[in-house]
Amino acid sequence: MRSGRRTLLALVAAVVALGAVASCSTDPVGDENRTVTAGPVIYPLSLRYHGIDVVADVPYGSDALQRLDVCLPADSAPDTTRTPTPTPGGTASATADEVGADAGGADAAGDGSASGVGTSGAGVAAAGAGAGTGAGAGAGAGAGAGAGDGAGDGDGADAGAGAGAGAGDAAVADAASGTRPAVLMIHGGSWSHGDKATAAYRSVCKYLASEGFVTFNVDYRLAPTDPFPAGLDDVRRALDWVFRPTTLSTYDVDSKRVGVFGGSAGGNLAAMLAVTDHDSTAYAEGDRIRAVVDLSGPTNLTTRSTEADGVSAAFQRKQLLYLGCRTYSDCPAATRASPEYHVTSDTAPFFIGHSTDEFIPLWESQEFAATLRRHDVPVTFVAVEGSAHSIAQLDEAMSKRVASFLREHLD
């Protein structure tokens, strides 16, 4: 009898131990939270990219800042280095300034040097060979991690006169749709500066291309010259341009496999695109965002961000300039520009990365993730120990997490 009791107790102890191990797993399945440490190197900057072409300064609108670069995976056909031209009778809202038929603005930039990859920079050299899907991201020398950008945001449930793929002609859109996943990438810079062509953002664009994603790296109008909602209107217009049949066919993009990526200001704009996507013409026509990567994006620009645990006084002023407001007490745009207040059950899955001690408070992403989950939106939330902001979080492990998330939701 004693032997039987000892055996039973041993079995109970084993079950308890297995439960404890499962609850402490560092690789949970599905919706998850994780806290990680980050290396000092922006991994995409440390690589050399072989066979990754960049089609530069393709116009998606008439303004000088309404331009984007296209980073092409190494398996791209030769004719994908051209600028798409409009299809007669195509989309209803593909006006001349959106179409960008000026092929002279599209220069195919080569690999390596065009991305700002080099052997200098602060930080530790990245030793690993490039991650990728055969697109040829190779080993390179280390680059500094000090490429963080100012946080920003944008709003726009009313964003954009879209150039949705189809415009009442779904058959044309389906025929034009290609085979490859794509990502619209949005740079940061406190809504007031930043550039798609900086070495850091160009390298991230090429990294995503090396992972098999056709990557559209977009510029947009900036505050205070063009305050909210101009920036969001622009990135919505750029996304609608991506969904145009001629764009899909030129770059072999599958309209059912399109995601968005943004850091800092771009993280906010990417989040705003996603949470207001259900209001867009493209969404009604079946062209919608399928996955979102938000690194350090501000998600609450209301008076909540001015409390003791909020952003600095200097950043509060930058937010007001972006919002076009003089005070937070009289600023309706603050709520309109905050992703926190626009989440629905139709919102696409999110990957959120945020450092524990950076100048955009961690609670902004934590509260946003909680709101997403209340609406049953899948969220992968990664808290990075330290102060690395935006794409400065992208060490090798974080870069691969992002690529895996996009692949999971866009494949």
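**View 1. Buried residues of helix 5 in the predicted model.** A230, G231, L232, D234, V235, R236, R237, A238, L239, D240, W241 and V242 are buried in helix 5. The list includes D234, R236, R237 and D240 alongside L232, V235, L239 and W241. In total, 12 of the 13 helix residues are buried, so by the cut-off of under 20% relative accessible area helix 5 is mostly covered.

**View 2. The span of helix 5.** This helix runs over residues 230-242 and has 13 residues. From its first C-alpha to its last it reaches 18 Å. That is close to the 18 Å expected at 1.5 Å a residue.

**View 3. Strand 11, covered on both faces.** Strand 11 spans residues 350-355. One side carries F350, I352 and H354; the other carries F351, G353 and S355. Each of these residues is buried. Because 6 of the 6 residues are buried, strand 11 is largely enclosed by the rest of the structure.

**View 4. Strand 10 beside strand 11.** Strand 10 covers residues 292-295. It pairs with strand 11 in the parallel sense, over 4 bridges. V292 stands opposite F350 of strand 11.

**View 5. Strand 11 beside strand 12, with the connecting helix.** Strand 12 covers residues 379-385. Strands 11 and 12 run parallel and are joined by 6 bridges. Here I352 stands opposite F381 of strand 12. The chain leaves strand 11, passes through helix 11 (residues 362-374) and arrives at strand 12. This β-α-β crossover is right-handed.

Methods: Residues numbered from 1 in each chain as written. Predicted model: local features only at pLDDT ≥ 70, side-chain atom pairs only at ≥ 80, totals over all residues. Heavy atoms only, no water. Helix = DSSP H or I, 4+ residues; strand = E, 2+ residues; numbered from the N terminus. Expected span 1.5 Å × (residues − 1). Buried < 20%, exposed > 50% of the residue type's maximum accessible area, 1.4 Å probe, protein only. Pairing = 2+ DSSP bridges. Right-handed = clockwise from strand over helix to strand, strands pointing away.
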